[in-house]
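Reader: I keep meeting labels such as "edge-to-face" and "buried". Could you show me how each one is earned?

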Amino acid sequence: MVDRLANSEANSKRIGVVEACFGTAGQPLVIPGRVLIGEGVLTKLCRKKPKARQFFLFNDILVYGNIVIQKKKYNKQHIIPLESVTIDTVEDEGDLRNGWLIKTPTKSFAVYAATATEKSEWMSHISKCVSDLLEKSGKSPTGEHAAVWVPDSEATVCMRCQKTKFTPVSRRHHCRKCGFVVCGPCSEKKFLLPSQSSKPVRVCEFCYKQLSSGATLPSHSDSYSRPEISSNNISDDDDDDDSSD
């Protein structure tokens, strides 16, 4: 079916509409062989709180952005090559239900659908697209993934030293290796993680020692669960989709 739609006029028009919704700030999406598989609103677990994001699944990429006007205008376009994607289910917990992880070498995060059926359909379609791409290219699935960041609201104290309380002065930071919320003194070091950045990035003291010694670190994103820490919404970052601390 995908091959049949690849160069159809209807498919090109659908992709053109999506491209237009992102405006001139978005990257071109209409290319030969690309097919729009589906679209919908998912709740993305962002740094400060869960937020609705518009997602578009193509046969080769996953695109998402902020909703400005539903079905008319989106911004902050993100494009994820599906060849690098691995997905894992997330157990239901509280108000966060029907979720799964989208893991890539550069960025990993959790998303939640409105119903269990939607979750099943999204995961099935993504898995099929990834499988087809890898089969055609002859490549192997990506082995390394960026950590899923623990939301700011789930840490009132540093997750490493367990002592420093976060305040407007004592700000939250994120270790790029484990995804933990840590204080400044516990994350003074930087280390080069080529899959995430061409420059050294902030890591916590624990991960720095392990990385420097060449030890293999377990990925926090392999089994994401919300830590048992009470809520607080103080943060040093108002844009939870960028790469700041």
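Reader: How many disulfides are there?

Author: The count is 0 disulfides. Keep in mind that this is a predicted model.

Reader: How do you know that Cys-186 is in no disulfide?

Author: Look at the sulfurs. The nearest cysteine sulfur to that of Cys-186 belongs to Cys-183, 3.6 Å away. A disulfide needs the two sulfur atoms within 2.5 Å. The value of 3.6 Å misses that cut-off, so Cys-186 is in no disulfide.

Reader: Why is Cys-186 called buried?

Author: Its relative accessible area is 14%. Buried means under 20%, so Cys-186 qualifies. Cys-46 passes too, because its relative accessible area is 2%.

Reader: What makes Phe-22 and Phe-56 an edge-to-face pair?

Author: Start with the count: the structure holds 8 aromatic pairs. In this one, the ring centres are 6.1 Å apart. Pairing requires centres within 6.5 Å, so Phe-22 and Phe-56 pair. Their planes stand at 70 degrees. Edge-to-face begins over 60, so the label fits.

Reader: Which parts of the chain does this pair link?

Author: Phe-22 is in helix 2 and Phe-56 is in strand 2, 34 residues apart. Both Phe-22 and Phe-56 are buried.

Reader: Why is the pair of Phe-191 and Tyr-208 called edge-to-face?

Author: The centres lie 6.1 Å apart, and the planes meet at 80 degrees. That angle is over 60, so the pair is edge-to-face. It links strand 10, with Phe-191, to helix 4, with Tyr-208.

Reader: Why does Tyr-208 count as partly exposed?

Author: Its relative accessibility is 25%. Partly exposed runs between the 20% and 50% cut-offs, so Tyr-208 falls there. Phe-191, at 24%, is partly exposed for the same reason.

Reader: What sits over the ring of Tyr-208?

Author: The charged end of Lys-189, 5.4 Å from the ring centre. Over the ring of Phe-109 sits the charged end of Lys-44, 5.0 Å from its centre. Phe-109 also belongs to a cluster linked by ring pairs, with Phe-55, Tyr-64 and Trp-122.

Reader: Which residues touch the most other members of the largest nonpolar core?

Author: Phe-55, Leu-82, Trp-100, Ile-102 and Ile-126, out of 21 residues. Helix 3 gives the largest share, 7 residues. Another core, of 18 residues, lies apart from it. Among its members are Cys-175, Cys-178, Cys-186 and Cys-204.

How values were computed:
Residues numbered from 1 in each chain as written. Predicted model: local features only at pLDDT ≥ 70, side-chain atom pairs only at ≥ 80, totals over all residues. Heavy atoms only, no water. Phe/Tyr/Trp six-rings, centres within 6.5 Å; stacked < 30°, edge-to-face > 60°. Helix = DSSP H or I, 4+ residues; strand = E, 2+ residues; numbered from the N terminus. Buried < 20%, exposed > 50% of the residue type's maximum accessible area, 1.4 Å probe, protein only. Lys NZ or Arg CZ within 6 Å of the ring centre and 35° of its normal. Core = buried A, V, L, I, M, F, W, Y, C linked by side-chain atoms within 4.5 Å.
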